[in-house]
Amino acid sequence: MKFAVIQFPGSNCDLDMLHAISDALGEEAEYVWHAETSLDGFDAVLLPGGFSYGDYLRTGAIAKFANIMPEVVRFAETGKLVLGVCNGFQILAESGLLPGALIRNNNLHFVCKTVSLRVENAETMFTSEYAAGEEIRIPVAHGEGNYYCDDATLADLQANGQIVFTYASENPNGSIANIAGITNKAGNVLGMMPHPERAVEDVVGGTAGLGVFKSMLKAWKEEQVHA
């Protein structure tokens with residue numbers, strides 16, 4: 001399985017993503033610069049955390065106009081896997097691939113800590129390696145991680161099983177319904193504020209995040225069998 005790690009000016013978790021795939025998962029990963037226009041040959045796309053374009057205007061608001069983004073949208077529309085973490089989640093929301101928006105943390109402070117997440121849906125292409133209701137510990141690091149959507153959108157997310165992760169004990173940013181991660185309706189695009197790529201080795205605090213990438217690999221392998 002071959003993963004594309006998109007690099008924007010200001011990305012700072014791209015190396016973590018590459019390491020998580022290449023060294024922890026044991027699959028192939030390559031950087032793709034934001035000015036590129038093709039994702040040919042890739043099986044999944046990863047949008048890493050950071051501060052793309054300095055977070056000017058709004059987080060992700062400029063990144064959505066990068067040359068690579070129409071191709072990311074096309075890639076997602078074909079049903080292939082797309083994962084956006086932290087700033088990547090913000091970019092996916094700004095690009096319309098996920099509903100809602102990420103706004104300033106309710107305490108107006110940057111939050112950097114490890115938090116408990118509850119797996120709300122273990123039947124997605126990103127969570128099949130977990131159990132429903134399982135609690136995992138994953139780091140967060142963001143200033144604009146407060147997920148917001150209107151009541152109708154929230155009802156749709158709940159009805160469709162699109163809320164994948166919620167904050168289990170402490171909500172670090174004020175997100176509505178304690179939301180930490182959601183998918184699109186098709187289930188092939190996931191945005192999450194916590195950083196699974198920072199939780200793939202025991203030496204840095206645990207491997208709870210590796211399940212996200214293992215689930216993606218499992219989903220891809222199953223697709224190959226039925227192709």
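1. A good place to begin in this predicted model is Ser175, which, once its neighbours within four places in sequence are set aside, is in contact with Gly145, Asn146, Tyr147 and Tyr167. Ser175 itself belongs to the loop between strand 9 (163–167) and strand 10 (179–183), and with a relative accessibility of 4% it counts as buried. Its side chain also reaches the backbone oxygen of Ile179, at 3.3 Å.

2. Tyr147, one of the residues that Ser175 contacts, takes part in an aromatic pair as well. The whole structure holds 2 aromatic pairs, and in one of them Phe89 and Tyr147 are stacked, with 6.0 Å from centre to centre and 15 degrees between the planes. This pair links distant parts of the chain, since Phe89 is in helix 3 while Tyr147 is in strand 8 (residues 146–148), 58 residues apart. Phe89 is buried, with a relative accessible area of 1%, and Tyr147 is likewise buried, with a relative accessible area of 1%.

3. Another aromatic pair is made by Tyr130 and Phe165, whose ring centres lie 6.3 Å apart and whose planes stand at 80 degrees, so the pair is edge-to-face. Here too distant parts of the chain are linked: Tyr130 is in the loop between strand 6 (111–119) and strand 7 (135–142), whereas Phe165 is in strand 9, and the two are 35 residues apart. Both Tyr130 and Phe165 are buried. A ring is also involved elsewhere, where the charged end of Lys2 sits over the ring of Phe42, at 4.9 Å from its centre.

4. Turning to annotation, the unreviewed UniProt entry lists Cys86, His195 and Glu197 under "active site". Although these residues span 112 residues in sequence, no two of their C-alpha atoms are more than 11.0 Å apart, so they gather at one spot. The side chains of Glu197 and His195 make a polar contact with each other, at 2.6 Å.

5. Where does Cys86 lie? Its place is in the loop between strand 4 (81–85) and helix 3 (87–94), and at 5% relative accessibility it counts as buried. Not counting residues up to four places away in sequence, Cys86 touches Gly49, Ala141, His142, Met192, Met193 and His195, the last of which is also listed in the UniProt entry under "active site".

6. Glu197, for its part, is found in the loop between strand 11 (189–192) and helix 5 (210–226), and it is buried, with a relative accessible area of 4%. When neighbours within four places in sequence are left aside, the residues in contact with Glu197 are Cys13, Asp16, Met17, Ala20, Val85 and Phe213.

7. The cysteines deserve a separate word. A disulfide is a covalent bond between the sulfur atoms of two cysteines. With a cut-off of 2.5 Å between the sulfur atoms, the count for this structure comes to 0 disulfides. Cys112 is in no disulfide, and the nearest cysteine sulfur to it, that of Cys86, is 9.8 Å away. Cys149 is in no disulfide either, with the nearest cysteine sulfur, again that of Cys86, 18 Å away. As for their surroundings, Cys112 counts as exposed at 58% relative accessibility, whereas Cys149 is buried, with a relative accessible area of 4%.

Notes: Residues numbered from 1 in each chain as written. Predicted model: local features only at pLDDT ≥ 70, side-chain atom pairs only at ≥ 80, totals over all residues. Heavy atoms only, no water. UniProt positions renumbered as here; feature names shortened; annotations may be inferred. Helix = DSSP H or I, 4+ residues; strand = E, 2+ residues; numbered from the N terminus. Buried < 20%, exposed > 50% of the residue type's maximum accessible area, 1.4 Å probe, protein only. Contact = heavy atoms within 4.5 Å. Polar contact = N/O pair within 3.5 Å; in protein donor to acceptor, adjacent residues only side chain to side chain. Phe/Tyr/Trp six-rings, centres within 6.5 Å; stacked < 30°, edge-to-face > 60°. Lys NZ or Arg CZ within 6 Å of the ring centre and 35° of its normal.
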